[in-house]
Structures are given as structure tokens and as C-alpha cells.
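Welcome! Have a look at the model below and take a moment to turn it around before reading on.

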Amino acid sequence: MIRLNYLKKMSLLIITILLFNTSWAQEEEQSTYILITNVNVWDGTSDKTQKADILIENNKIKEVGSSVKAPKGSITIDGKGGYLTPGLIDMHTHIMLNGPDAFYSGSQHYDSYTIGAWAYRDMNMLMDQGFTSIRDIAGNSLGIAKARVNGVIEGPRIWSSGPAFSSTGGHGDAGPWNQLPGETNQPHELMNLGVADGKDEIIKHARWNFRHGAAFAKIMAGGGVASEFDPLEIIEYTQEEMETIVSICNDNKTYATIHAYRDDAINRAIDAGVKCVEHGFLMSEETVKRMADEGIWLSLQGYVSTVQFAAAAQVPWFSPEQVRKATQVNQGAKQMIEWARKHKLKIISGGDMFAENTPIAIKNLTVEKTLGFENWEIMQHATYNAGQVLAMSGPARNPYREGPIGVIEAGAYADILIWEKSPLEDIDNLEIKGNIKLMVQDGKVLKNTL
């Protein structure tokens, strides 16, 4: 009898514990909701806004429509007639290449801790401008991207290429002129820049990048402005070498993009299977048309090419050769962009690095009005179009694969901005300090001055 009572008591205790744990688990799993009302919504795809409500469940958009009903206990935010858009996405930035002459000796003036702190500062500057996501394209931001995914640090979402692929003497060769074969230097030791020649080195470099979480690959296919040893006219990699990089990308279900300006490097890379071209300002109309016909993306740096390179001699650390190269790019840029518009090339946008850190990211968008683009097209370059390219990292290498990004629709990540003055009416409104009244990232309200 005593044993029976004991068993009954133990059974009741176990049931109570189970019920408590089940209740606690249900409470922990309850969704959180935010309802945004009284806003003019631009979804990232059209040329106009519409009145709508937005319901956010956890970190995704649940519903977009009129008179949306929110569950009990939801947070309601009155948008006060503002203009709601997706968070902006900068598709060509370098948070790890900091300071003047960062591509070369500048990165040798600081250790890795300082470079990381500088990168974090720049991430916050980008967020202040409305960039809730970035594609970091050449630079060892792989650890920072991992920390961002794991919630260790805050800032824009990061899709990182890791160190780009460069041949010896190419756009990513940051060693001093008198460096001997086999010697290293700080940019390479930090893996901010990489040099790989031949199939074996390339395969090892690619697999190292993907082992550390790279979302895609960046290939230095032709010469660059900010580098010492590579005239714009050269091609850096053989056909076989480029095909090797693309092959490893295909194995990882992702894509490769290239740094290049001229037809020969660009066409060789397209033949090898790359999906995106960064810059391209000296290519012919024939190559632009080929890119349009084959669905190759163009990553546009309009501010650097048409504004800063128009005054290349004023860049303090440019040598006469770098001034020559920058001027050459500037002279070809507007014509190439005109052809890109004519042939309806698929375009994304990114600020690059030739200024006092990241304020040029937003100017890279506003300058596009001088290049013939409509306001809604400019915004699309940094939202919906950008999201399409980010998704090309595929199921294996996309760090944010649970939904679309850069668009306002059910199932998309809840990265949302509300502007007091509409960038769809005047793209210069992007630059007005304090114009962002609400910022939501991943379903969390980071700023609300409504």
C-alpha cells in the first residue's frame, strides 16, 4: 500500500513537470507580430506605391494588404503616411579594406583587430543610410559574416566572397614591388586578398573560401585601377583557370562574379560560366548585348566611375599610372551605361571603396538619376534586383535562405524602411539626414521616430 501511494505521487509529480515544461515550451514558441498601418508601400518590383498594411510574424512578412487584421497582443505601428520600402542592399562593398590606400600599404598600417573594428564602424554607417544587407566582395569578412548570422554582432546582413581570386601581378596582388617568390605580406596573411595561380592553387583557395562560409566567388579577371601591377588591358586568368573556379562554385551550388572592364576578359569569363560582371565600363555594345541575351548581371558603380574618376588626379594616393587608368574608366562609363539601358541589362548597384569610407554607398544610388535611370529603377537596383543575385548563392551557401529579400511580399524577410519623404518621387531624398523614420531588420524594430 505504501509503495502504491508512492508510485501515485511520483506519477503526479512527473505529469506536473511534463505539463509545466509543455506550457513553457508553448509560451517560448509563441509568435510575435508587428502590424504596420497607414503607409504607402513600394514592393520593390513596380513603378508605383500602394496603400497597404504590413503584418510581420517573427522575422518574416506574413501579409500585405488592406485592412489586415493582427492577432491579439500584436504591436501596432502607425506609419503616418510614410513611404515603406524594402531595406537597401549594397552589392559591391569592401568593409575589410579600410582607409586611404587600403588596397595596398594602408592595410599594413593596422593589425587585424583594428581592421575588424573599422569594419564594424563602417557596417553601422551603412545601416544609418538604410542598407540592411551588403555583398562584401573581396576581403576576409567571413568571420564577421559568421558572427552576424549567429547573432554575436549587429549590423547589415553580409554575403561575403572572402578573399578574391587574383593571379600573380593581378588586381589582388598587394605585395610590394620587391617581394620575392614565396614571400607574403599582411593583406595576404590576413586573407583580405589572395593570389592563386594554376588549377591546384585555385582549387585549394576556392575550397578554403567555402570552408569558411563564402557565399560566392569573386574573380579578378582583368586589370584594375587601384592596383599597381595590372594595366586595364591585361587578362589575369587563362580559360582553364577561370573554368576551374566556376567548376568549384558549381559544386557548391553558387556562382562566380568577376572584376573586369574590357571585352576580352569579360567574354572569356562568360565563356567560363560566370554570372555577374563588376564594373565593365570599357566593354563594347556587342558585349553588353551578349550579357543581356544570356542573362548576365551588371554590378554598377556609377558614383566612382562618373564622379570620382572624373577627378582622378585629386585622389591623394593615386600614382600617375592609376590616374591614367581611372581617367580611362571615366571616359568609357557613361557610354557603357547608355548601352546597358538600351539593351535592358539586368543591373545591381554597389558603392565600392574610393572615398572616405562608406558615405558613397548612398551617393552611388542618387547619382544614377544623372545616368538616365528612373527613381523606381534606381531603387530596384538596390532591393529586388539585389535580392535576385543574393539568392544565386543557392541552398548550400546562402546564409539567409529561408525567404526572399529585397521585396515586400508574404514570406520575405522583414527588412523594412519607412521614409518621411519618398525616394520614389525624388531619389535625392535618400540622402536627407533623418528621413528614415522606421527601420525593421529581421523582424526587429531597430529605429522608430514616427
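Which residue follows α5, and what is the sign of its phi? The residue after α5 is Gly213, and its phi is positive, near 100°. Keep in mind that this is a predicted model. The protein has 450 residues, and 54% of them are buried. Its secondary structure comes to 14 helices and 17 strands.

**Helix α5**

- Helix α5 covers residues 198-211, which makes 14 residues.
- At 1.5 Å a residue, this helix should span 20 Å, and its end C-alpha atoms are indeed 20 Å apart, so the two values agree.
- The buried residues in α5 are Ile202, His205, Ala206, Asn209 and Phe210.
- These buried residues lie on the same side of α5, because they cover an arc of only 130° around the axis.
- Here is a general idea to help you: an α-helix has 3.6 residues a turn, so residues three or four places apart point the same way.
- The other side of α5 carries the exposed residues Asp200, Lys204, Arg207 and Arg211.
- Several elements help to cover the buried residues of α5, including α3 (142-149), β8 (165-166), β9 (194-195), α6 (239-251) and α14 (394-397).

**Helix α8**

- Now try the same reading on helix α8, which runs over residues 285-294.
- Its buried residues are Thr287, Val288 and Met291.
- Why do they count as being on the same side of α8? They cover an arc of only 105° around the axis, which puts them on the same side of this helix.
- Glu286 and Asp293 are exposed, on the face of α8 turned away from its buried side.
- The cover over the buried residues of α8 includes α7 (263-272), β12 (276-279), β13 (297-300) and α10 (320-342).
- After α8 comes Gly295, with a positive phi near 70°.

**The seven-stranded sheet**

- Seven strands build an open sheet with mixed pairing, and their order is β3-β2-β1-β4-β15-β16-β17.
- At the edges sit β3 (60-65) and β17 (444-448), each of which pairs on one side only.
- On average, neighbouring strands of this sheet are turned by 30° against each other, direction ignored.
- β16 (residues 436-441) pairs with β17 in the antiparallel sense, over four bridges.
- If you would like to find one of these pairings in the model, look for Gln441, whose bridge partner in β17 is Lys444.

**Strands β5 and β6**

- Is strand β5 mostly covered or mostly uncovered? Strand β5 (residues 88-93) is mostly covered, with six of its six residues buried.
- β5 and β6 (residues 131-136) run parallel and are joined by four bridges.
- Ile89 has Ser133 in β6 as its bridge partner.

**Cysteines and contacts**

- How many disulfides does the model contain? The count comes to zero, using the rule that a disulfide needs a pair of cysteine sulfur atoms within 2.5 Å.
- Cys249 is buried, because its relative accessible area is 1% and buried means under 20%.
- Cys276 also counts as buried, since its relative accessibility is 0%.
- Looking at contacts between residues at least 6 apart in sequence, 70% join residues at least 24 apart.

Terms used. Residues are numbered from 1 along each chain as its sequence is written. This is a predicted model: local features need pLDDT of at least 70, side-chain atom pairs count only at pLDDT 80 or more; totals for chains, interfaces and linings use all residues. Side-chain values use heavy atoms; hydrogens and water are left out. Buried means under 20% relative accessible area, exposed over 50%, partly exposed in between (1.4 Å probe, protein chains only). Two strands pair if DSSP finds at least two bridges between them. Helices (H or I, at least four residues) and strands (E, at least two) are DSSP runs, numbered from the N terminus. Axes are lines fitted to C-alpha atoms, for helices over the stretch in contact, and angles run from 0 to 180 degrees between N-to-C directions. The expected span of a helix is 1.5 Å times one less than its number of residues. The arc is that of the directions from the helix axis to the C-beta atoms. Contact means heavy atoms within 4.5 Å.
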